[in-house]
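Please open the model in your viewer and keep the selection tool at hand. The stops below say what to select next and what is there.

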Amino acid sequence: MPRVLIVEDERKVRRGLEEGLAGVGYEVEAAATGPDGAQLGRDGRFDAVVLDWMLPGMDGLEVLRALRAAGQSVPVLILTARDAVEDRVLGLDAGADDYLVKPFAFAELLARLRVLLRRGQPDRETVLRAAGLEIDLLRRRVTRGDAEIALAHKEFALLEYLARHKGQAVTREMLGRDVWADPSYALTNVVEVYVNLLRKKIDAPGERSRITTVRGVGYRLEE
Ligand code: CA
């Protein structure tokens with residue numbers, strides 16, 4: 001049974017989520033402030049975290065950074081009233097796995113949460129190799145020869161996805177759906193921003209990019 005932590009200061013929303021998720025069989029714990037959420041989330045007993053952005057004490061981004069700094073790779077869904085692309089990028093860059101804008105339908109939240117929980121399941125394959133890179137999924141490390149390449153959370157997820165489809169063209173829609181759990185990302189510049197961030201980190205200076213842009217389609221990572 002999935003265990004979900006809800007961090008939300010608005011009592012009505014928190015109660016609604018607690019009851020809704022308990023109603024579909026999830027084990028739910030809730031916190032009403034940032035520091036309480038960070039403390040509960042740090043011990044690693046949750047399969048997913050639903051995290052409000054605006055919180056008393058510490059905001060959602062600070063809570064998220066605290067969780068990631070404590071080594072927690074638990075999937076995090078951020079709730080927020082903000083909807084600017086820059087804010088999304090900020091949240092995703094801080095290590096959020098997905099983003100839901102308030103007000104949202106409970107069915108939508110449930111669908112997103114299911115995707116995150118599925119993605120969190122262990123995979124038999126723990127090291128991927130593509131484009132001269134070694135991607136260690138358990139240690140969350142990327143190396144090229146002896147050099148380690150430091151990637152932000154979402155950059156890593158993007159590289160992992162491209163590596164699982166190495167040599168194939170993947171569409172922006174696939175990336176939106178499977179990496180961001182939201183096909184509408186294909187319509188924003190978020191996918192492109194992240195592909196370019198990733199290129200800067202994995203490409204050798206002066207060489208052709210390891211990620212080819214396939215015109216009118218999307219992107220392809222070298223085998
Ligand atoms: Ca709030």
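In this predicted model, begin by selecting residues 153-164, which form helix H6, together with residues 190-202, which form helix H8; the two pack at an angle of about 85°, and their axes are 10 Å apart. Because angles of 65 to 115 degrees count as roughly perpendicular, H6 is roughly perpendicular to H8. To see the contact itself, show the side chains of Lys154, Glu155, Leu158, Leu159 and Leu162 on H6, which meet Tyr194, Val195, Leu197, Leu198, Lys201 and Ile202 on H8. By class, this contact of H6 with H8 comprises 8 nonpolar and 3 charged residues, with no polar ones.

Keep H6 selected and add strand E9 (147-149), since these are the elements that give two or more residues to the lining of the second largest pocket. That pocket holds about 200 Å³ of space, and among its 13 lining residues Arg140, Leu151, Ala152, His153 and Phe156 lie nearest its centre. The lining divides into 6 nonpolar, 4 polar and 3 charged residues. Colouring domain 1 (3-120) and domain 2 (127-221) separately is useful here, because both give residues to the lining and the second largest pocket therefore lies between them.

Two backbone details remain. Most residues other than glycine have a negative phi, and most peptide bonds are trans. Select Pro103, in the loop between strand E5 (98-101) and helix H5 (106-119), where the peptide bond from Lys102 to Pro103 is cis, with omega near -5°. Finally, go to Ala131, in the loop between strand E6 (127-130) and strand E7 (133-136); the phi of Ala131 is positive, near 50°, in a residue other than glycine.

Key:
Residues are numbered from 1 along each chain as its sequence is written. This is a predicted model: local features need pLDDT of at least 70, side-chain atom pairs count only at pLDDT 80 or more; totals for chains, interfaces and linings use all residues. Side-chain values use heavy atoms; hydrogens and water are left out. Axes are lines fitted to C-alpha atoms, for helices over the stretch in contact, and angles run from 0 to 180 degrees between N-to-C directions. Helices (H or I, at least four residues) and strands (E, at least two) are DSSP runs, numbered from the N terminus. Angles under 35 degrees count as roughly parallel, over 145 as roughly antiparallel, 65 to 115 as roughly perpendicular and the rest as oblique. Contact means heavy atoms within 4.5 Å. Ala, Val, Leu, Ile, Met, Phe, Trp, Tyr, Cys and Pro count as nonpolar, Asp, Glu, Lys and Arg as charged, and the others, Gly among them, as polar. On a 1 Å grid over the protein atoms alone, a cavity is a set of points where a 1.4 Å probe fits but cannot get out, and a pocket is an open set with protein on both sides within 12 Å along at least five of seven lines; lining residues have an atom within 4 Å of a point. Grid points are joined across faces, edges and corners, and a volume is the space filled by probe spheres set on the points. Domain bounds come from an automatic or database domain assignment.
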